[in-house]
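Q: Before any label is accepted, let us go through the reasoning behind the terms used for this model, setting each value beside its cut-off.

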Amino acid sequence: MEKRVTFRGWLLPLCLIAPQVIISAVFFFYPAGQAIWQSLFIPDPFGLSMQYVGLGNFEFLLSDKFYRASFVTTAIFSILVTLASMIPALFLAVLADRLIKGSGVYRTLLIWPYAVAPAVAGVLWLFMFNTRVGVVSWYLGQLGYDWNHVLNGGEAMGLVVVASAWGRISYNFLFFFAALQAVPRSVIEAAAIDGAHFWRRFFTIVLPLLSPTTFFLLVVNVVYSFFETFGVIHTITSGGPQQSTTILVYKVFSDGFVGQDLGSSSAQSVILLIVVGLLTVIQFKFVEKRVHY
Amino acid sequence: MARERHGMVEKRGAGLWLTHVLMIAGILVIFFPIWLAFVASTVTQPEIVRPPMPLWPGDQFFENYRAALFSGVNVPVATMLLNSLVMAIGIAVGKIIISLLSAFAIVYFRFPGRTFFFWMIFLTLMLPVEVRIVPTYEVVAGFGMLNSYSGLIFPLIASATATFLFRQFFLTIPDELAEAARVDGARPMRFFWDIVVPMSRTNVAALFVILFIYGWNQYLWPLLITTDPEMNTIVMGIKQMFPSGDDVADWPVIMATSILAMIPPVIVVVSMQKLFIRGLVDSEK
């Protein structure tokens, strides 16, 4: 879509667009180019010179069992976060949609966790499950279950998943609630007259009508769990124990900043760039569909 | 319409009560972590380190919050709050200004490179800071912007989302308005200030809510570039309050800080709820 009426001149619009273009070039494109460039080299041990290795960094990475493990960890983590944030959100949205009075109050309360930063959510959940002072871990101990996410990789994964999904419930709830409110009333009533009870109506009519929203949220939540959960992982587990919660973004950070392995970190950045690119394309393809829906 | 459906199809009595009960139970579960943090911020350290800690607030509220705000662990939390405020407002206002300007240029002018710049802005969507950590750090270090507000703000300020949102909105402004402005001999910037900006008020406000929270909740970037505790933001500073090694963390102060870290964004979201939901839905389109 284009405007028919436009203003004349080319200097003014160039000045107007300049701030954004300059910032994008300096802080987005130049660093991304650097990442691609550096991924083709390895620095010598003293950091004095760079040796060209072609795709050597990538070959090394893809054959590195820790990196491959990090891919699997990221996949498991993002699937679990997506499910753990969408299912409760849908359940709460269905409840809120059934209520005439009070749904506004519930909605206000449910928005809260969205505003809590992932890193702060990490601290709250760490406090509850802390092996020394945590209330939940203490009560679990009373029940005979010895909770220790510092040593047990599965428990560590469970904790970072729950802490990451917690704030997202608010977000997903808002989208599901809006979608439920838009379900045509006549369809529901027709089904009700035919004698379909609530859950039958839900699974045969409402859920299929929600599918555009559901698919949209699937993509958005996967993107979230890939890129925005760094704070949760860093505060709760720092990627451990034994790298069992080291997702890809965390590995770029730990190899690049903690390990100072520039070549590998840059190659990882490039792989992540490809992942983001794919996710963005999926998101946009879908958004186009949604517009026509 | 919505009401009618409930009238016809909805269960009454027991079913309705059950719905309320489940809803309240869900909310209590979701609020439990926040409640526990609040309780921990009102009791003494010995009450926490000898589990189980109480589940009802104690009488140390003022002591703990005073200790956090004015002493903190590495740096007073009041300083971190100020840093977060500057960063969040800087990012939100900066993104809105540069996006308004570039969207205006793209929609209301034909100039060389227009399509190129449009795609360039689009591509920044694919370059979140998380994937260009090390080189962006090097650029910022090269400019001498480590441990500075400009270093916290500028690398996060270019936003394709906001530009597209404004572009989308500008396209809905009737052509007659621009036509009339042109006939009157109004300069483009006059049109921008007198017509476009006032008409975009609601969009600006909705976007501000979303971007303020985005800026406030940043973690990785401040962690990388603020090595000086004086420049820490509150969200990243909490983790720095944990002692390394085997020392026991100062839980009451840390939990008071966590509560302080969530108050500003929660106030923004809850008080501007309608705008927030609108901004959320718009920015995902």
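Q: Where is the place of Ser238(A) in chain A?
A: In this predicted model, Ser238(A) sits in the loop that lies between H11 and H12 of chain A.

Q: What makes the backbone of Ser238(A) worth a remark?
A: Its phi is positive, at about 50 degrees, although Ser238(A) is not a glycine. Most residues other than glycine have a negative phi.

Q: Why is Ser238(A) called partly exposed?
A: The cut-offs are 20 or more other C-beta atoms within 10 Å for a buried residue and 12 or fewer for an exposed one. Ser238(A) has 14 such atoms, which falls in between, and therefore it is called partly exposed.

Q: What is the peptide bond from Gly240(A) to Pro241(A), cis or trans, and where is Pro241(A) found?
A: That bond is cis, with omega near -10 degrees, and Pro241(A) is found in the loop between helix H11 (230-236) and helix H12 (248-258) of chain A. Most peptide bonds are trans.

Q: Which phi does Asn147(B) have, and why does Asn147(B) count as partly exposed?
A: Asn147(B), in the loop between helix H7 (133-142) and helix H8 (149-153) of chain B, has a positive phi of about 55 degrees although it is not a glycine. Because 15 C-beta neighbours inside 10 Å are over the 12 that still count as exposed and under the 20 needed for buried, Asn147(B) counts as partly exposed.

Q: How do you know whether Ser71(B) is buried or exposed?
A: Ser71(B), in the loop between helix H4 (61-70) and helix H5 (77-108) of chain B, has 12 other C-beta atoms within 10 Å, and because 12 or fewer is the cut-off, Ser71(B) is exposed. The C-alpha atom of Ser71(B) is separated by 9.6 Å from that of Val253(B), although these residues are 182 residues apart along the chain.

Q: What makes Ser24(A) buried or exposed, and which residues is it in contact with?
A: Ser24(A), whose place is in helix H1 of chain A, has 23 C-beta neighbours inside 10 Å, and because the cut-off is 20 or more, Ser24(A) counts as buried. Leaving aside neighbours within four places in sequence, Ser24(A) is in contact with Phe29(A) and, in chain B, with Met120(B), Ile121(B), Thr124(B) and Ala158(B).

Q: How many residues of each chain are in contact with the other, and which helix gives the largest share on the side of chain A?
A: The contacts involve 83 residues of chain A and 90 residues of chain B. On the side of chain A, helix H1 (residues 11-38) contributes the largest share, 18 residues. By class, that side of chain A has 62 nonpolar, 16 polar and 5 charged residues.

Q: Why is chain B called more spread out than a compact globule?
A: Chain B has 16 helices and 0 strands. For its 285 residues the globule rule gives 19 Å, whereas the radius of gyration is 24 Å, well over that value, so chain B is more spread out than a compact globule. Along its principal axes the C-alpha trace of chain B spans about 75 × 65 × 30 Å, and buried residues make up 46% of the chain.

Q: How many helices and strands does chain A have, and what is its radius of gyration?
A: Chain A has 13 helices and 2 strands, and its radius of gyration is 24 Å, where a compact globule of 293 residues would have one near 19 Å. The C-alpha trace of chain A spans about 75 × 75 × 30 Å along its principal axes, and 44% of the residues in chain A are buried.

Q: What is the reach of helix H2 of chain B, and where does the helix bend?
A: Helix H2 (residues 14-40) of chain B reaches 37 Å from its first C-alpha to its last, close to the 39 Å expected for its 27 residues. H2(B) bends by about 45 degrees at Phe32(B), and Pro33(B) follows within four residues. The buried residues of H2(B) include Ile30(B), Pro33(B) and Ile34(B).

Q: What is the predictor's confidence in chain A, and which elements have the lowest and highest values?
A: The mean pLDDT of chain A is 87, and 96% of its residues reach 70 or more. Among the elements of chain A, helix H13 (residues 262-292) has the lowest mean pLDDT, 77, and helix H5 (residues 118-129) the highest, 95.

Definitions and conventions:
Residues numbered from 1 in each chain as written. Chains lettered and ligands numbered in written order. Predicted model: local features only at pLDDT ≥ 70, side-chain atom pairs only at ≥ 80, totals over all residues. Rg over C-alpha atoms; globule rule 2.2 N^0.38 Å. Expected span 1.5 Å × (residues − 1). Bend = angle between axes of the 7 residues up to and from the residue. Contact = placed C-beta atoms within 7 Å. Nonpolar A, V, L, I, M, F, W, Y, C, P; charged D, E, K, R; others polar. pLDDT = per-residue confidence, 0-100.
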